[in-house]
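Hi,

Here is the structure I said I would pass on. Have a look at it first, and then read my notes below.

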Amino acid sequence: MFTELAVVAQILLGIAGALAVLRVIMTSSIADRIIALDLLVVVVVLTIAIDSARSDTAAFLDVVVVVSLLGFVATSAVARFIERRGAR
């Protein structure tokens with residue numbers, strides 16, 4: 001039962017990832033692009049976590065933590081850059 005739910009969740013995450021890529025390509029605002037790229041990071045992290053849970057291994061959980069932290073720091077840095085650029 002869990003395997004089928006994991007496959008459905010990964011399919012839905014794939015759709016969300018495709019829509020995020022479409023948003024990156026179609027929008028003109030840098031803030032919208034950064035939010036869409038942050039969504040892609042979340043989709044990747046969730047996909048890795050679901051795959052790790054489905055295979056009943058903790059091998060990639062360190063990768064999940066590192067990618068999550070890098071995504072947060074990158075999004076925060078770009079948000080600060082946009083904020084400073086808009087103030088000038």
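Is Arg-54 buried, partly exposed or exposed? Arg-54 is partly exposed, because its relative accessible area is 33%, and the cut-offs are under 20% for buried and over 50% for exposed. Before I go on, bear in mind that this is a predicted model.

Let me stay with Arg-54 for a moment. Its side chain makes a salt bridge with Asp-51, and the closest N and O atoms are 3.0 Å apart. Both residues sit in helix α2, 3 residues apart, which means that about one helical turn separates them. Asp-51 is partly exposed too, with a relative accessible area of 33%.

How many salt bridges does the structure hold? There are 2. Besides the pair in α2, there is one between the side chains of Arg-23 and Asp-32, at 3.3 Å from N to O. Arg-23 has a relative accessibility of 43%, so it counts as partly exposed. Asp-32 comes out at 26%, and that makes it partly exposed as well.

Now for α2 itself. The helix runs over residues 30-54, and its 25 residues should span 36 Å at 1.5 Å a residue. The C-alpha atoms at its ends are 36 Å apart, so the expected span and the model agree. At the N-terminal end, Ser-29 acts as the cap, with a side-chain oxygen 3.3 Å from the backbone nitrogen of Ala-31. After the helix comes Asp-56, which has a positive phi, near 55 degrees.

Which residues of α2 are buried? They are Ile-34, Ala-36, Val-43, Val-45, Ile-50 and Ser-52. I looked further at Ser-52, which has a relative accessible area of 4%. With neighbours within four places in sequence left aside, Ser-52 is in contact with Thr-57, Ala-58 and Leu-61.

Thr-27 is another residue to click on. You will find it in the loop between α1 (2-26) and α2. Its relative accessible area is 11%, so Thr-27 is buried. Again without the neighbours within four places in sequence, Thr-27 is in contact with Asp-32 and Arg-33. That Asp-32 is the partner of Arg-23 in the salt bridge described above. If you want a distance across the model, Thr-27 and Phe-81 are 54 residues apart in sequence, while their C-alpha atoms are 19 Å apart in space.

Last, the surface. A nonpolar patch there is formed by Val-7, Val-8, Ile-11, Leu-12, Ile-15, Leu-19, Val-21, Leu-22, Ile-25 and Met-26. Together these residues have about 960 Å² of accessible area. Ile-11, one of the patch residues, has its place in helix α1.

That's what I have so far. Over to you!

Cheers

Note on methods. Residues are numbered from 1 along each chain as its sequence is written. This is a predicted model: local features need pLDDT of at least 70, side-chain atom pairs count only at pLDDT 80 or more; totals for chains, interfaces and linings use all residues. Side-chain values use heavy atoms; hydrogens and water are left out. Helices (H or I, at least four residues) and strands (E, at least two) are DSSP runs, numbered from the N terminus. The expected span of a helix is 1.5 Å times one less than its number of residues. Buried means under 20% relative accessible area, exposed over 50%, partly exposed in between (1.4 Å probe, protein chains only). A polar contact is a pair of N or O atoms within 3.5 Å; within protein, one must be able to donate a hydrogen and the other to accept it, and residues adjacent in sequence count only if both atoms are side-chain atoms. Contact means heavy atoms within 4.5 Å. A salt bridge is a side-chain nitrogen of Lys or Arg within 4 Å of a carboxyl oxygen of Asp or Glu. Patches are made of residues with over 30% relative accessible area and no salt bridge: like charges are joined within 9 Å, nonpolar side chains (Val, Leu, Ile, Met, Phe, Trp, Tyr) within 5 Å. Accessible areas come from the Shrake-Rupley method with a 1.4 Å probe; for residues, only the protein chains shown count as cover.
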